[in-house]
Amino acid sequence: MTTFKGAMRSYGAAVRRMEREQQRQAREAAKRFKEQQKLQEIENAQQAVSDWESYVETIQSVHKNCTDPIDWKQIEETEKPNEPILETKNEVIAKNKLASFKPSFFDKVFGSTQKKINRLSQQVEQAQQKDQKEFDIAYKNYLDELNNWNELQEISAGIKKKDPESYKNALQYFDPFSDIGELGTTISFNFEENHIDIDLHVNSLDVIPDYELRQTSTGKLSKKNIPKTRYNELYQDHICSASMRIAREVFAYLPIDYARINAMAKIVNTKTGHLEEQPILSVIFPPQTIESLNLETIDPSDSMQNFVHNMNFNKTKGFSVIEKVELQK
């Protein structure tokens, strides 16, 4: 027979076993949490490094993307939009229903014939209104298409004559630089018969990260300052890449012989000591030369050697002010 004292000892032992099991489970849970936390930290570090590398690649490869070229010949041959006509298909259906209506026996008994005829007559009026509404929408779309067609025909005719005003109108119509954040802040144009002169007010040095992210052998995230020379080289690549992208966009719309792109940046004027917007890169891009390059593999800065250009760059000091390049006569 179990005594009270023995029962208490058994109960105490059971409680201690339960406490030890709970402590073991808690330790294992804590261990699993730490492992999951570590894996999450490693994944976060991987993502951060990947995002950093992707951004650095993007600011150096702006030139790789471009709008598909506009076929002005195709635009010239595009037929004028057809003016819509008022269709009465809904009215015809409603009238047919009214004409074919035959009152039933119960309609005659309960006197609902006229009520149904009135309802069908109302449906005819509603169908007419629906037809008119559909026509109004179609006509508005037609006027929009006609305006676009007329505008493009006028631009196309001007471009065929190498009219500088038409070059301007083409770029205003298609607006390829509506979102130029990756290229610069603003762009100003000067159009000539066979070329275009563009001032690209470039992004500041702020677009270049002054640090680099790496993942250590233990999976942790490491953040270090970028050497000044590497920082300046990244900015140089960005400016050269953005300048080439501007030229490519222009050639996609305009059949011109060349484009001069002048990268303008706020830089210290050594004569006044003040920040002033001045040219730091000036390049004359012929479309044929750009097309001959492998844009996926070129180094943007090195590729400037393929063009007539002015650029004064030092790895330690960065860009210096230059004169805008002129074509050799």
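This is a short walk through a predicted model of one protein chain, from its overall make-up down to single residues.

I will start with the whole chain. Its secondary structure comes to eight helices and eight strands. There are 329 residues, and 36% of them count as buried. The chain exposes about 21,600 Å², with carbon and sulfur atoms supplying 49% of that area. On contacts, take the pairs with a separation of 6 or more: residues 24 or more positions apart account for 66% of them.

Now the helices, beginning with H5. Helix H5 has 48 residues. From first C-alpha to last it reaches 69 Å, close to the 70 Å expected at 1.5 Å a residue. Just after H5 comes Lys162, with a positive phi of about 60°. Lys162 sits in the loop between H5, residues 113-160, and helix H6, residues 164-174. Lys162 is not a glycine, yet its phi is positive. As for exposure, Lys162 is partly exposed, at a relative accessible area of 33%.

On the other side of H6 there is a similar entry in my notes. Asp175 lies in the loop between H6 and strand S1, residues 184-191. Asp175 is not a glycine either, and its phi is positive, about 50°. With a relative accessible area of 39%, Asp175 is partly exposed.

Within H6 itself, look at Ser166. Is Ser166 buried or exposed? Ser166 has a relative accessible area of 5%, and because the cut-off for buried is under 20%, Ser166 counts as buried. Leaving out residues up to four places away in sequence, Ser166 touches Glu154, Ile155, Gly158 and Ile159.

One more pair before we leave this part of the chain. Thr88 and Gln132 are 44 residues apart in sequence, and their C-alpha atoms are 8.3 Å apart in space. Thr88 is in the loop between helix H2, residues 72-76, and helix H3, residues 89-99. Thr88 is partly exposed, with a relative accessible area of 34%.

Next is helix H7, residues 228-253. With 26 residues at 1.5 Å each, H7 should span 38 Å, and its end C-alpha atoms are 39 Å apart, which agrees. How many of the residues of H7 are buried? The count is 22 of the 26, so H7 is largely enclosed by the rest of the structure.

That leads to the nonpolar core. The largest one has 54 residues, and the members that touch the most others are Ile196, Met244, Leu254 and Phe285. H7 gives the largest share of this core, 13 residues. For Met244, I can list the contacts beyond four places in sequence. They are His63, Phe285, Ile290, Leu293, Leu295, Ile298, Ser303, Met304 and Phe307.

H7 also carries charged residues. Side chains of opposite charge can pair when their charged atoms come close. In this model the count comes to 12 salt bridges. One of them joins Glu249 and Arg245, at 3.0 Å from N to O. These two are four residues apart in H7, so about one helical turn separates them. Both Glu249 and Arg245 are buried.

A second salt bridge runs from Lys315 to Glu233, at 3.3 Å from N to O. This pair links distant parts of the chain, 82 residues apart: Glu233 is in H7, and Lys315 is in the loop between strand S7, residues 308-314, and strand S8, residues 318-320. Lys315 is partly exposed at 49% relative accessible area, and Glu233 is partly exposed at 23%.

A third is between Glu57 and Lys64, again given as N to O, at 3.3 Å. Glu57 is partly exposed at 39%, and Lys64 is partly exposed at 25%. Which residues make up the network of salt bridges that includes Lys64? The network links Glu57, Lys64 and Glu296.

Last, the surface. Phe105, Phe106 and Phe110 form a nonpolar patch there, with about 430 Å² of accessible area together. Phe105 belongs to helix H4, residues 105-110. Phe105 has a relative accessible area of 60%, and because exposed means over 50%, Phe105 counts as exposed.

To recap: H7 has 22 of its 26 residues buried and gives 13 residues to the largest nonpolar core, while Phe105, Phe106 and Phe110 form a nonpolar patch on the surface.

Methods. Residues numbered from 1 in each chain as written. Predicted model: local features only at pLDDT ≥ 70, side-chain atom pairs only at ≥ 80, totals over all residues. Heavy atoms only, no water. Patch = residues over 30% accessible without salt bridge, like charges linked within 9 Å, V, L, I, M, F, W, Y side chains within 5 Å. Areas by Shrake-Rupley, 256 points an atom, 1.4 Å probe, with all protein chains shown as cover. Salt bridge = Lys/Arg side-chain N within 4 Å of Asp/Glu carboxyl O. Buried < 20%, exposed > 50% of the residue type's maximum accessible area, 1.4 Å probe, protein only. Expected span 1.5 Å × (residues − 1). Core = buried A, V, L, I, M, F, W, Y, C linked by side-chain atoms within 4.5 Å. Contact = heavy atoms within 4.5 Å.
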